[in-house]
Amino acid sequence: MPTPMLTTQRIDAGDVVLRKARADDRNAIIAHVTDAEVRAHLGGPQERAAVERDLDRSGVTAVTDAPGAYVIADKATDDFLGTISLTRRGAHHPGHLTPEGEELELAYTLCRSDWGRGFAYRAATALLRRAAADMPDEAVIVVTQSDNERSLRLARRLGFTPAMRFDEFGAEQTLAVVNLREFAAT
Ligand SMILES: CC(C)(COP(=O)(O)OP(=O)(O)OC[C@H]1O[C@@H](n2cnc3c(N)ncnc32)[C@H](O)[C@@H]1OP(=O)(O)O)[C@@H](O)C(=O)NCCC(=O)NCCS
């Protein structure tokens, strides 16, 4: 049976919107993935020339080609603020709730200048509510470096509970879990 995924193209989240990437997001995306602070717990900043090559080859829209992958944009200006995704965690990665893997995995990044304003919280809440309408009663995980305090704080605010720790990419990771039931409309 095919694994259910989030296929909607756009989600409103108050003063931010989740949408697919567009060609004119290019400069903001390059600045985002080459930012040392944003990438501090994500393997470090990507190399600008390599990012530009990838975007030239695959196109900017490829950034959010995967079902469940979005840009977070400012509702008023439509400017790029970051990224958010709810995709499946492949069994080849360590860190799973079951040996089969393929859990729904939430990931989020915001431009450094946009931290501390609740944008990621509102984007994630809207995304999880939308997913709960399609896939009720399914577990969602967040996997984040154990020393990524902001990310863990956000996960906790969203209702995720730490379930296990393991090593990946040379760092200790915390896997936290919540059930989409918590985001279902009542
Ligand atoms: C992880 C990350 C997205 C969290 O961003 P964030 O802005 O701290 O998270 P939120 O959107 O939940 O905002 C929460 C902050 O905004 C504040 N805030 C202001 N207005 C708010 C509102 N209306 N609602 C909620 N929070 C609000 C909160 O008090 C909180 O501040 P604090 O953390 O200083 O106490 C960001 O730090 C980031 O991009 N990090 C780099 C990428 C990364 O490591 N991602 C994790 C991979 S899974």
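I will talk about the shell around the ligand, then about one helix pair, and finally about Asp56.

Please keep in mind that this is a predicted model, in which local features need pLDDT of at least 70 and side-chain atom pairs count only at pLDDT 80 or more, while totals for chains, interfaces and linings use all residues. Residues are numbered from 1 along each chain as its sequence is written.

Around the ligand there are 22 residues, of which Gly118, Ala120, Tyr121, Arg150 and Ser151 come nearest, a residue being near if its C-beta atom, placed from the backbone, lies within 6 Å of the molecule. At least two shell residues each are supplied by strand 5 (103–110), helix 3 (119–134), strand 6 (139–145) and helix 4 (149–158), and helix 4 has the largest share, with five. Helices (H or I, at least four residues) and strands (E, at least two) are DSSP runs, numbered from the N terminus.

Turning to the helix pair, the axes of helix 3 and helix 4, which are lines fitted to C-alpha atoms over the stretch in contact, come within 10 Å and cross at roughly 45°. The contact, counted where C-beta atoms placed from the backbone lie within 7 Å, is made by Ala120, Tyr121, Ala124 and Thr125 of helix 3 and by Leu154, Arg157 and Leu158 of helix 4.

Finally, is Asp56, in helix 2 (residues 48–58), buried or exposed? Asp56 counts as exposed because it has 10 C-beta neighbours inside 10 Å, where 12 or fewer means exposed, 20 or more buried, and anything in between partly exposed, with C-beta atoms placed from the backbone. Its C-alpha atom is separated by 9.8 Å from that of Arg26, 30 residues apart along the chain.

Methods: Axes are lines fitted to C-alpha atoms, for helices over the stretch in contact, and angles run from 0 to 180 degrees between N-to-C directions. Two residues are in contact if their C-beta atoms, placed from the backbone, lie within 7 Å.
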